[in-house]
Amino acid sequence: MNSALTIRGGRPLHGAVGIQGAKNSVLPILAATVMGGGEQIVRRCPRLSDVESTLRILRYLGCRVRREGEAVAVDPGPMDRCDVPDHLMREMRSSVVFLGAILARSGEACMSFPGGCELGPRPIDLHLSALRALGAEILEVGGNLICRGHRMVGREINLTFPSVGATENIMLAACGASGVTRITNAAHEPEIEDLQHFLQAMGARVDGAGSSTIVIEGGHALHAAEYAVLPDRIAAATYLAAGAAAGGAVTVEDVCPEHLSTVTSILAEAGCEIRAWRDRITLRRDAPLRAVRPVRTMPYPGFPTDAQSPLMAVAARAEGTTVFVENIFENRFRHIGELSRMGADIKVAGRVAVVCGVPRLYGARVCATDLRGGAALLVAALSAEGESRLTGLRHLDRGYETPERWLAALGADIRRETETDADDTDRRAAGYACD
Ligand code: EPZ
């Protein structure tokens, strides 16, 4: 049964949010557990639908999986399959990271092409060319990838773009290759470093994550490990954006402030008072929001594409005009149509969105078009006058652990309810695949 959020905006937020483990860390780390010799314990594993999809794949492969509170235990010992069926691939396209892990474990892997998503075509050419360079044979037959990599050999691999997923897939496959693999122009994201730390905990020889060059010495037997995932910098950015939009004082706890410094500097420029300590950040916003210099999404350490839409919801209320340039994904402005229903004044030309701030937004019936687009609508609804109804929560639940619980604790008037027929009609009228 679908659910919807009802939000009555215009109330400042006050309090603290304990930030969940990072979705974009825990997904590749859970995939990597199949390579381990013994039970892996992954702590700070958030309760997200993307995590549940990943656990379903692990169980399908034959691994023993159990959740113990905020931890998940995976024993890959009984694993007896090396394919990921289409219905599980369709639940979550980033399951493609299992390709490198299963190849390293079994020497063969089969899965359907992950296909595109709400953000546009999501090619995996960089993944495939790198795995082929390691010696994997990959047949593309009828929408499926049939891979054999029993004798992969490490070598230098240059990425023409610092793809996060491709970097992760190469790190995992290289653990199963003989010799040394050197990735140049690798992605720098903190989630890549987190994956390296987990692999090292399993006994893998991986170094350099966080820089452009990562070196993996493959062929080592991997053992059981216990590891706590790093905090979710995008979830932290989203709650800070909520505080900026609604006003008040919001603290995000158990975070790494340096991982979202490009976001906090934009929020400070917008008129928020930001204070950061070792593992928490407090944002206070009492004065009117101001427009900021152009926001250009870039690979880490640049401004993160995943924070573009929540920050746009803040800019929608700022005095002045803010320009957003989306350099990472082809189609990451789908939330703008729904923000406009709330009174936002935003013009789009290709990868550029020009946000003319308005004095107020108005509550409206809106639906999430994708994960971070849904977060933007939530942020906007918290600052809007009147009541909003947000549907399409399956997108939001992929990446945010019970947002309504945390926001209510901050003083928001928000509740999750079962969807009505009217919600269903709205969603169809919106024409989005946001069921
Ligand atoms: C990861 O996606 C994240 N997902 C995304 O977060 C994040 O937005 C993205 O990295 C960028 O930081 C996970 O970690 C599960 P990419 P990924 O490969 O790996 C092109 C969220 O909201 N490309 O760095 O798919 C691609 O089309 C999600 O949490 C190729 O052309 O990102 C895109 O334009 C959304 N060929 C760009 O590179 C390839 O082979 C960035 O993709 C691979 C990618």
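These legends accompany close-up views of a predicted model. Residues are numbered from 1 along each chain as its sequence is written, and side-chain values use heavy atoms, with hydrogens and water left out. Because the model is predicted, local features need pLDDT of at least 70 and side-chain atom pairs count only at pLDDT 80 or more, while totals for chains, interfaces and linings use all residues.

**View 1. The shell around the ligand.** Here you can look at the 24 residues that surround the ligand, each with a heavy atom within 4 Å of it. The closest are D125, L126, S163, D306 and I328. By type, the shell holds 10 nonpolar, 6 polar and 8 charged residues; Ala, Val, Leu, Ile, Met, Phe, Trp, Tyr, Cys and Pro count as nonpolar, Asp, Glu, Lys and Arg as charged, and the others, Gly among them, as polar.

**View 2. Polar side chains at the ligand.** Three side chains are worth zooming in on, each placing an N or O atom within the 3.5 Å limit for a polar contact. D125 has a polar side-chain atom 2.8 Å from a nitrogen atom of the ligand. For S163, a side-chain N or O atom is 2.7 Å from a ligand oxygen atom, and for D306 the corresponding distance to a ligand oxygen atom is 2.6 Å. The protein buries 85% of the 830 Å² that the ligand exposes when taken alone, by the Shrake-Rupley method with a 1.4 Å probe.

**View 3. Helices and domains that line the ligand.** At least two shell residues come from each of α1 (23-32), α5 (125-133), α6 (164-175) and α12 (371-383); helices are DSSP runs of H or I with at least four residues, and strands are runs of E with at least two, numbered from the N terminus. With 3 residues, α5 gives the most. Domain 1 (3-20 + 231-429) and domain 2 (23-228) each provide at least three residues of the shell, with bounds from an automatic or database domain assignment.

**View 4. Where the two domains meet.** The C-alpha centres of domain 1 and domain 2 lie 30 Å apart. In contact, meaning heavy atoms within 4.5 Å, are 28 residues of domain 1 and 19 of domain 2. Between them the domains bury about 2,000 Å², 51% of it on carbon and sulfur atoms; this is the accessible area (1.4 Å probe) lost on putting the two parts together, summed over both. On the domain 1 side, Y300, R398 and E401 lose the most area, together 29% of what that side buries.

**View 5. Two backbone details in loops.** The peptide bond from Y300 to P301 is cis, with omega near 10°. P301 sits in the loop between β18 (295-296) and α10 (308-315). D254, although not a glycine, has a positive phi of about 60°, and D254 belongs to the loop between β15 (248-253) and α9 (261-269).

Conventions. Polar contact = N/O pair within 3.5 Å; in protein donor to acceptor, adjacent residues only side chain to side chain.
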